[in-house]
Amino acid sequence: MSAIFNFQSLLTVILLLICTCAYIRSLAPSLLDRNKTGLLGIFWKCARIGERKSPYVAICCIVMAFSILFIQ
């Protein structure tokens with residue numbers, strides 16, 4: 001089943017996207033900052049979410065990892 005139709009997989013993909021974009025922005029901020037609008041602006045927005053909501057994103061990652069490892 002693809003990640004589009006499985007809700008847990010969709011949440012996992014979104015969390016990985018947010019964490020990856022925030023990590024890339026911490027290493028090379030100019031890479032994401034030059035594309036704030038348009039289709040590539042999605043990555044900049046995900047990086048901003050990862051930076052501003054980092055405690056909540058971290059808790060969601062821990063909960064998702066626990067559910068993938070022990071519940072499935």
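Helices are DSSP runs of H or I with at least four residues, numbered from the N terminus. In the predicted model described here, the place of Thr-12 is in one such element, helix H1. Thr-12 has a relative accessible area of 18% and is therefore buried, since buried means under 20%. Apart from its neighbours within four places in sequence, Thr-12 is in contact with Met-64 and Ile-68.

The overall architecture of the protein comprises four helices and zero strands. Read from the N terminus on, the order of the elements is α-α-α-α. The C-alpha trace spans about 40 × 25 × 15 Å along its principal axes. Of the 72 residues in the protein, 21% are buried. Among contacts with a separation of 6 or more, 55% are accounted for by residues 24 or more positions apart.

Two further residues of helix H1 were examined, beginning with Cys-19. Cys-19 has a relative accessible area of 31% and is partly exposed. When residues up to four places away in sequence are not counted, Cys-19 touches Val-57 and Cys-61. Cys-19 and Gly-38 stand 19 residues apart along the chain, and a distance of 20 Å separates their C-alpha atoms. Leu-27 is also found in helix H1. With a relative accessible area of 59%, Leu-27 is exposed, because this value is over 50%. Leu-27 and Gln-8 are likewise 19 residues apart in sequence, and their C-alpha atoms are 29 Å apart in space.

The packing of helices was considered next. Two packed helices are described by the angle between their axes and the distance between the axes. Helix H1, formed by residues 7-27, packs against helix H3, formed by residues 41-52, at an angle of about 90°, and the two axes are 7 Å apart. H1 is therefore roughly perpendicular to H3, a description that applies to angles of 65 to 115 degrees. On the H1 side, the contact involves Leu-17, Ile-18, Cys-21, Ala-22 and Arg-25. These residues meet Phe-43, Trp-44, Cys-46, Ala-47, Arg-48, Ile-49, Gly-50 and Glu-51 in H3. By residue class, the contact of H1 with H3 divides into nine nonpolar, one polar and three charged residues.

Cys-21 and Cys-46 both take part in this contact, one from H1 and the other from H3. The closest cysteine sulfur to that of Cys-21 is in Cys-46, at 4.9 Å, which is too far for a bond. The reverse also holds, because the cysteine sulfur closest to that of Cys-46 is in Cys-21, at 4.9 Å. A disulfide requires a pair of cysteine sulfur atoms within 2.5 Å, and the structure holds zero disulfides. Cys-21 is buried, with a relative accessible area of 5%. Cys-46 also counts as buried, at 11% relative accessibility.

Finally, the model was compared with a database annotation. An unreviewed UniProt entry places the feature "transmembrane region" at residues 54-71. In the predicted model, this span is 100% helix and 0% strand. The C-alpha atoms at the two ends of residues 54-71 lie 25 Å apart.

Key
Residues numbered from 1 in each chain as written. Predicted model: local features only at pLDDT ≥ 70, side-chain atom pairs only at ≥ 80, totals over all residues. Heavy atoms only, no water. Axes fitted to C-alpha atoms, helices over the stretch in contact; angles between N-to-C directions. Parallel < 35°, antiparallel > 145°, perpendicular 65-115°, else oblique. Contact = heavy atoms within 4.5 Å. Nonpolar A, V, L, I, M, F, W, Y, C, P; charged D, E, K, R; others polar. UniProt positions renumbered as here; feature names shortened; annotations may be inferred. Buried < 20%, exposed > 50% of the residue type's maximum accessible area, 1.4 Å probe, protein only.
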